[in-house]
Amino acid sequence: MFTPQGPSLRELTAQALSSVERGYDLLAGKFDATPFRTSDRLLDAVAETLEGLGPFGPGLDVCCGTGAGLGVLRSVCAGRITGVDFSTGMLARARRAHPDADLVRADALALPFAPAFDLAVSFGAFGHFLPAAQRALFAQVHSVLRPGGTFAFPLPAPPPVGSRLYWTLWGFDAAMRVRNALWRPPFVMYYRTFRLADVRTRLEEAGFEVTLVPIGSLGHREDGSPRCRLVVARKA
C-alpha cells in the first residue's frame, strides 16, 4: 500500500495509539506518501465539476491537512484561499506547498471566521466526525459562508455489499471500535458513518439546499449510477 517514502508499520502503530491531533502531527511528514491522501485524479475531477458551478470568490478548505484541496480552490476561486486544520504538523506541510494561502490552526467544530467565503470544500476528513459531530460541523461551515455560498465535497458510491472493499471497510471500522473501547485517548476514524441519506438530512437541518452532481469523469458502475457524486450544498 505504501511507497518506500511512506510511514513504517511502527510509525502507523504510534499514530493509531495517539489522539487524532497527535496522530496527524506524527504522520504529517510522510502523509502525502500514503494512500490516505486524496488522489490527484479525484481532486482534478472535483475541480472540473466545480468550474461549471461558479464563479467563486474566496474559498475555504475545511480540514485541509497537507493542503491537497487547496489546489482545487486555487483553480476555481478568484479570491483568497484559506485552509483550516487542527494539526500543527499537517499545516506546516501545507504551508510549504501553498505559501500564498492563509492557513489557520483551529477546530472545525469552532471555525474562527465571519461569513466571508463563497466556497467551502473538504476532502477525506468526514470519517473523523461521528454523526452528532457532523451536525455541528455542517452548522459551522454554514456560518462562515456568504449568502448563496456553496459547500461542496465528493462522495463515492458505497461498495457493493459483500465485495472485498465492503468487508475491508467493515473490518476497519470494527477494529477501530474495539481500539477505542480499550484505549485512550480515542482515535475517531470510521468509513461507514457517512451515508448519503443521513448526510443530506443533516445538511438540510443546518440550512443548506442540497443537490447531487455526478462526477462524470470518474465513470459509472455496472448499474449506470455514477461512481462518485459531488454533494453541492448551498446556503440560501
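## Backbone features in the loops

C63 is located in the loop that links β1 to α4 (70–76). In this predicted model, the phi angle of C63 is near 60°, a positive value in a residue other than glycine.

Two cis peptide bonds are also found in loops. One is the bond from G54 to P55, with omega near 10°; P55 belongs to the loop between α3 (40–51) and β1. Another joins R184 and P185, where omega is about 0°, and P185 is part of the loop between α7 (164–182) and α8.

## The sheet

An open sheet is formed by 7 strands, arranged in the order β3-β2-β1-β4-β5-β7-β6, with mixed pairing. Its edges are β3 and β6 (208–214), each of which pairs on one side only. On average, neighbouring strands of the sheet are turned by 20° against each other, direction ignored.

## Parallel pairing of β1, β2 and β3

Strand β1 (residues 59–62) pairs with β2 in the parallel sense, over 4 bridges. Within this pairing, L60 is set opposite T82 in β2.

On the β3 side, strand β2 (residues 81–85) is joined to strand β3 (residues 102–105) by 4 bridges, and these two strands also run parallel. Here D85 has R105 of β3 opposite it.

## The β2-α5-β3 unit

The chain passes from β2 through helix α5 (residues 88–97) to β3, and these three elements make a right-handed β-α-β unit. Helix α5 lies across both β2 and β3, and its direction is at about 175° to that of β3.

Another helix, α8, also packs on the sheet, where it touches β5 (145–156), β6 and β7 (228–235). The direction of α8 makes about 145° with that of β6.

## Packing of α6 against α8

Besides its contacts with strands β5, β6 and β7, α8 is approached by a helix. The axes of helix α6 (residues 131–144) and helix α8 (residues 196–205) come within 9 Å and cross at roughly 40°. An angle of roughly 40° falls outside the under-35-degree range that counts as roughly parallel, and α6 and α8 are therefore oblique to each other. The crossing in which α6 passes α8 is right-handed.

On the α6 side, the residues that meet α8 are P131, Q134, R135 and F138; their partners in α8 are V199, R202, L203 and E205. Sorted by class, this contact comprises 4 nonpolar, 1 polar and 3 charged residues.

## Summary of the arrangement

The sheet of the predicted model is thus described from two regions. At the β3 edge, the parallel strands β2 and β3 are combined with α5 in a right-handed unit. At the β6 edge, α8 touches β5, β6 and β7, and α8 is also met by residues of α6.

Definitions and conventions. Residues numbered from 1 in each chain as written. Predicted model: local features only at pLDDT ≥ 70, side-chain atom pairs only at ≥ 80, totals over all residues. Heavy atoms only, no water. Axes fitted to C-alpha atoms, helices over the stretch in contact; angles between N-to-C directions. Parallel < 35°, antiparallel > 145°, perpendicular 65-115°, else oblique. Left-handed = near helix turned anticlockwise from the far one by under 90°. Contact = heavy atoms within 4.5 Å. Nonpolar A, V, L, I, M, F, W, Y, C, P; charged D, E, K, R; others polar. Pairing = 2+ DSSP bridges. Right-handed = clockwise from strand over helix to strand, strands pointing away.
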